[in-house]
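Here is a short note for a colleague who is meeting this structure for the first time. The points below are meant to be read alongside the sequence and the coordinates.

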Amino acid sequence: MTLSEQIQDDIKSNSVIVYMKGTKLMPMCGFSSTMVNIMNMHGVEYKDVNVLEDPEIRVQLSAFSNWPTIPQLFVNGELVGGCDIAIELHNSGELEKIFANAGK
Amino acid sequence: MTEESVKQRIESGLVGSQVQVLDTKGTGDHFSAVVISNEFEGKSLVKRHQMVYATVSDVLTKELHALQLKTYSCKEWKQEN
C-alpha cells in the first residue's frame with residue numbers, strides 16, 4: 001500500500017480522525033492543541049496521526065484533501081475542516097451533530 | 001510577508017471581496033483574516049476556506065505559515081453586525 005492509499009484507508013476506516021502536529025497527548029502546535037481541546041470537550045473517540053513523524057504524510061494528505069494546513073479533522077470520511085472551522089462549528093452547535101452521526 | 005501583501009493577494013484572487021488582515025504574532029508569517037465575499041453565498045466552510053487558500057497557495061505553508069480565517073457572505077456580514 002502506498003502512503004497515499006494508507007491515508008485514504010485511514011480516513012475511510014476511522015469514523016473520526018485528526019491529522020495534527022504532535023499527538024493528542026502532546027500537541028506540538030497551537031492550532032493542533034486547540035483542535036485537541038475541542039475534541040476533548042466533545043469527549044469523542046478519535047484516531048490521531050502525527051504529521052511530524054514523516055513529512056511526506058502532510059504532502060500526500062494535502063494533495064488528497066485539497067487542504068494545505070494542519071490540523072485536519074475528518075468525520076465519516078469527509079473533511080470537516082481545520083482549526084478555525086472546528087471552532088466555528090463548535091460554537092454554532094453544528095459539531096455536536098456531526099459527531100453524533102460519526103460511525104453511522 | 002506584510003498584512004497588506006496578504007490582503008492584496010486575497011482581494012485580487014477573490015474579486016469584489018473585502019478583506020481585513022492581522023499579523024497575529026508580529027513575525028510576518030502568522031496571519032488572521034476576515035474575508036467578506038458574495039462568492040461565499042451558499043458554500044460550505046470547507047469550500048470557502050479552500051477558495052481563500054487558493055489565492056495564497058504559492059506562499060501558504062512557506063513564507064505564510066498560518067492563515068486563520070473567518071468568512072462571511074455579504075448577507076451574513078450584515079446579519080452579524
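**Aromatic pairs, pockets and a strand pairing**

1. Over all chains, the count of aromatic pairs comes to three. The model is a predicted one, and this applies to every point that follows. One of the pairs brings together Trp67(A) and Tyr53(B), whose ring centres are 5.0 Å apart and whose planes stand at 85 degrees, so the pair is edge-to-face, the angle being over 60 degrees. Because Trp67(A) lies in the loop between α3 (55–65) and β3 (72–75) of chain A, while Tyr53(B) belongs to helix α2 of chain B, this pair joins two chains.

2. Are the two partners of that pair buried or exposed? Trp67(A) has a relative accessible area of 1% and is therefore buried, and Tyr53(B), at 6% relative accessibility, counts as buried too.

3. Another aromatic pair is formed by Tyr72(B) and Trp77(B), again edge-to-face, with 5.0 Å from centre to centre and 70 degrees between the planes. Here the surroundings of the two partners are worth reading separately: Tyr72(B) is buried, with a relative accessible area of 11%, whereas Trp77(B), with a relative accessible area of 32%, is partly exposed.

4. Turning to the pockets, the largest pocket holds about 320 Å³ of space. Its lining is made up of 22 residues, and those that lie nearest the centre are Phe31(A), Thr69(A), Ile70(A), His65(B) and Ala66(B). Among the elements, α4 (83–92) of chain A and, from chain B, α2 (45–55) and β3 (66–72) each supply at least two residues of this lining. By residue class, the lining of the largest pocket divides into 12 nonpolar, seven polar and three charged residues.

5. The second largest pocket has a volume of about 200 Å³. The residues that line this pocket include Val75(A), Leu79(A), Ile85(A) and Ile98(A), together with Ser44(B), Leu45(B) and Val46(B). Two or more lining residues come from each of β4 (78–81), α4 and α5 (94–100) of chain A, and likewise from α2 of chain B. Which element gives the most to this lining? That element is β4(A), with three residues. In the lining of the second largest pocket, eight residues are nonpolar, two are polar and two are charged.

6. In chain A, strand β1 (residues 16–20) pairs with strand β2 (residues 47–50) in the parallel sense, over four bridges. Within this pairing, Met20(A) has Asn50(A) of β2(A) as its bridge partner. The two strands also belong to a right-handed β-α-β unit, in which β1(A), helix α2 (residues 30–42) of chain A and β2(A) take part.

7. Helix α2 of chain A also contains Asn40(A), which counts as exposed because its relative accessibility is 52% and the cut-off for exposed is over 50%. Asn40(A) and Lys24(A) are 16 residues apart in sequence, and their C-alpha atoms are 9.4 Å apart in space.

8. A last residue to look up is Lys62(B), found in the loop between α2 and β3 of chain B. With a relative accessible area of 49%, Lys62(B) is partly exposed, so a reader should not list this residue as exposed, a term kept for values over 50%. From C-alpha to C-alpha, Lys62(B) and Asp29(B) are 8.7 Å apart, although 33 residues separate the two in sequence.

Methods. Residues numbered from 1 in each chain as written. Chains lettered and ligands numbered in written order. Predicted model: local features only at pLDDT ≥ 70, side-chain atom pairs only at ≥ 80, totals over all residues. Heavy atoms only, no water. Pairing = 2+ DSSP bridges. Right-handed = clockwise from strand over helix to strand, strands pointing away. 1 Å grid on protein atoms, 1.4 Å probe; cavity = no way out; pocket = protein on both sides within 12 Å on 5 of 7 lines; lining within 4 Å. Points joined across faces, edges and corners; volume = space filled by probe spheres on them. Nonpolar A, V, L, I, M, F, W, Y, C, P; charged D, E, K, R; others polar. Buried < 20%, exposed > 50% of the residue type's maximum accessible area, 1.4 Å probe, protein only. Phe/Tyr/Trp six-rings, centres within 6.5 Å; stacked < 30°, edge-to-face > 60°.
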